[in-house]
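Open your viewer, switch to a cartoon view and let's take a walk through this structure together.

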Amino acid sequence: MSQDNIYIKNKKAYFEYHILDKYTAGIQLLGTEIKSIRQGKANINDAFCTFINNQLYVRNLHISEYSFGSFYNHEAKRDRILLLNKKELKKLQTRGEEKGLTIVPLALFISERGFAKLEIGLAQGKKTFDKRETMKERDTKIELDRVMKR
């Protein structure tokens with residue numbers, strides 16, 4: 001069985017936030033959801049993480065309905081539990097309650113063992129001038145690459 005390299009990145013998160021810590025979490029999925037992810041039909045741009053009853057959930061993670069699914073198909077934007085160990089959950093919960101810090105999904109990928117994993121980051125929102133700085137850095141990098149090619 002060949003494993004497709006599925007790596008769905010949240011580019012908006014790196015633009016909107018300073019990433020302080022990164023964690024890799026498993027996701028509790030239904031059968032048709034993992035099949036859709038393996039087809040690359042997921043979108044994490046609007047997703048965010050929140051604690052409900054001391055469990056970490058990812059919300060607004062859009063996994064398209066499986067095309068070959070029957071009436072057992074999943075709901076596209078349901079809340080999904082993230083699987084981390086207790087120490088990591090406790091750390092994220094205490095740090096996440098600090099002012100200005102939030103937990104954002106960074107990437108969705110399939111591990112070597114075939115499990116869907118979500119890379120999440122403890123992030124701090126950027127100010128407008130930080131975003132402009134990021135855009136300037138990206139533009140200068142593109143310009144440098146263009147000059148180096150000649």
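In which sense do strand 2 (residues 17–27) and strand 7 pair, and over how many bridges? Select both strands to find out: the pairing is antiparallel, and two bridges make it up. Keep in mind as you look that this is a predicted model. For a landmark, click on Ile 27, which stands opposite Leu 82 in strand 7.

Next, keep strand 2 selected and add strand 9. These two also run antiparallel, here joined by nine bridges. Pick Asp 21 and look across to strand 9, where Leu 122 is its bridge partner.

Now widen the view to the sheet. Seven strands build this open sheet, with antiparallel pairing, and you can step across it in the order 1-8-9-2-7-5-4. At the edges you will meet strand 1 (7–9) and strand 4 (48–52), each of which pairs on one side only. Averaged over the sheet, neighbouring strands are turned by 40° against each other, with direction ignored.

Then select helix 2. This helix packs on the sheet and touches strand 7, strand 8 and strand 9. Its direction makes about 75° with that of strand 8.

Stay there and show side chains for residues 31–38, the span of helix 2. Which residues of the helix are buried? They are Thr 32, Glu 33, Ile 34, Ser 36 and Ile 37. Their cover includes strand 3 (42–43), strand 6 (62–63), strand 7 (80–83), strand 8 (101–110) and strand 9 (116–125).

For a last stop, go to Gly 40, which follows helix 2 and has a positive phi, near 80°.

Technical notes: Residues numbered from 1 in each chain as written. Predicted model: local features only at pLDDT ≥ 70, side-chain atom pairs only at ≥ 80, totals over all residues. Heavy atoms only, no water. Buried < 20%, exposed > 50% of the residue type's maximum accessible area, 1.4 Å probe, protein only. Helix = DSSP H or I, 4+ residues; strand = E, 2+ residues; numbered from the N terminus. Contact = heavy atoms within 4.5 Å. Pairing = 2+ DSSP bridges. Axes fitted to C-alpha atoms, helices over the stretch in contact; angles between N-to-C directions.
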